Amino acid sequence: MKTIAEQLKSVQITVEQSTLDAHRPLNAVKLLAVSKTKPVSDIVQAYEAGQLLFGENYVQEGVEKIQMLKSYDNIEWHFIGPLQSNKTRLVAENFDWVQAIDRLKIAQRLNDQVTPKKILNVCIQVNIDDDQNKAGISANELDDFAKAISELPNLRLRGLMTIPKANQSQAEQTTSFANMAMLFEELKKQYLSVDTLSMGMSGDMQNAINNGSNMVRVGSAIFGSRK
Ligand SMILES: *Cc1c(COP(=O)(O)O)cnc(C)c1O
């Protein structure tokens, strides 16, 4: 069985190779290690192998891990799961990023609850395939929604995230990613703070990178499959 450090290394190589294949600069794509459901000891192994960006999906679990790893310097914590309004305070106080913003009310609460002097980085989740089973705003709502988010002083609008529909053909998935890239390029023109297009997971990171992703969120390929 491979160690977490070995699996991390092979994901890094896949990310680099996909980046070069897409004729993009070597460090164009950030790797977010998604550690949901995995023990703190797994995070420590990845950290000791040099990984600093971690993603969590569940508030309670994520906050416990953040508290336990307080003494580990320079970790950047991303909340990537769905967020209910009664849990926003814990997220605002503990995480550095919230990636799946799709309701203004949640964003407003985060803005009000973020620790003074701290800025919370946020991405808007776009439901690019208008999939009934997926969270996210639809593409035609993006302009108005981004404007509202950008007006919240304690949040910094960093970009967009998406999870494409499962079981699409390669061609359909490519279209979804390419549509996201177009939305991202438009948004970047309007907001100086926008620099992040978060798309691609263990199973589709190559295609996402080929279509302009600059942050992939990878769980099982690093930490092994989840129960
Ligand atoms: C779990 C999760 C991931 C990681 O998925 P893997 O297929 O294990 O790489 C990425 N993004 C989100 C939003 C997730 O919930």
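User: What makes the pair of Lys-36 and the ligand a polar contact?

Analyst: A polar contact is a pair of N or O atoms within 3.5 Å. An N or O atom in the Lys-36 side chain is 2.7 Å from an oxygen atom of the ligand, so the pair meets the cut-off. This is a predicted model: local features need pLDDT of at least 70, side-chain atom pairs need 80 or more, and totals for chains, interfaces and linings use all residues. Residues are numbered from 1 along each chain, and side-chain values use heavy atoms, without hydrogens or water.

User: Which backbone atom of Ser-220 lies 2.8 Å from a ligand oxygen atom?

Analyst: A backbone N or O atom of Ser-220 does. Gly-219 also has a backbone N or O atom 2.8 Å from an oxygen atom of the ligand. Alone, the ligand exposes 390 Å², and the protein buries 88% of that (Shrake-Rupley areas, 1.4 Å probe).

User: How do the residues of the shell around the ligand divide?

Analyst: They divide into 6 nonpolar, 4 polar and 3 charged. Asp, Glu, Lys and Arg count as charged, and Gly is among the polar ones.

User: Why is the link between Glu-61 and Lys-65 called a salt bridge?

Analyst: The rule asks for a side-chain nitrogen of Lys or Arg within 4 Å of a carboxyl oxygen of Asp or Glu. The closest N and O atoms of Glu-61 and Lys-65 are 2.6 Å apart, so the pair qualifies. By this rule the count is 8 salt bridges.

User: What separates Glu-61 and Lys-65 in helix H3?

Analyst: About one helical turn, because they are 4 residues apart in helix H3 (residues 59–68). Helices are DSSP runs (H or I) of at least four residues, numbered from the N terminus.

Note on methods. A polar contact is a pair of N or O atoms within 3.5 Å; within protein, one must be able to donate a hydrogen and the other to accept it, and residues adjacent in sequence count only if both atoms are side-chain atoms. Helices (H or I, at least four residues) and strands (E, at least two) are DSSP runs, numbered from the N terminus.
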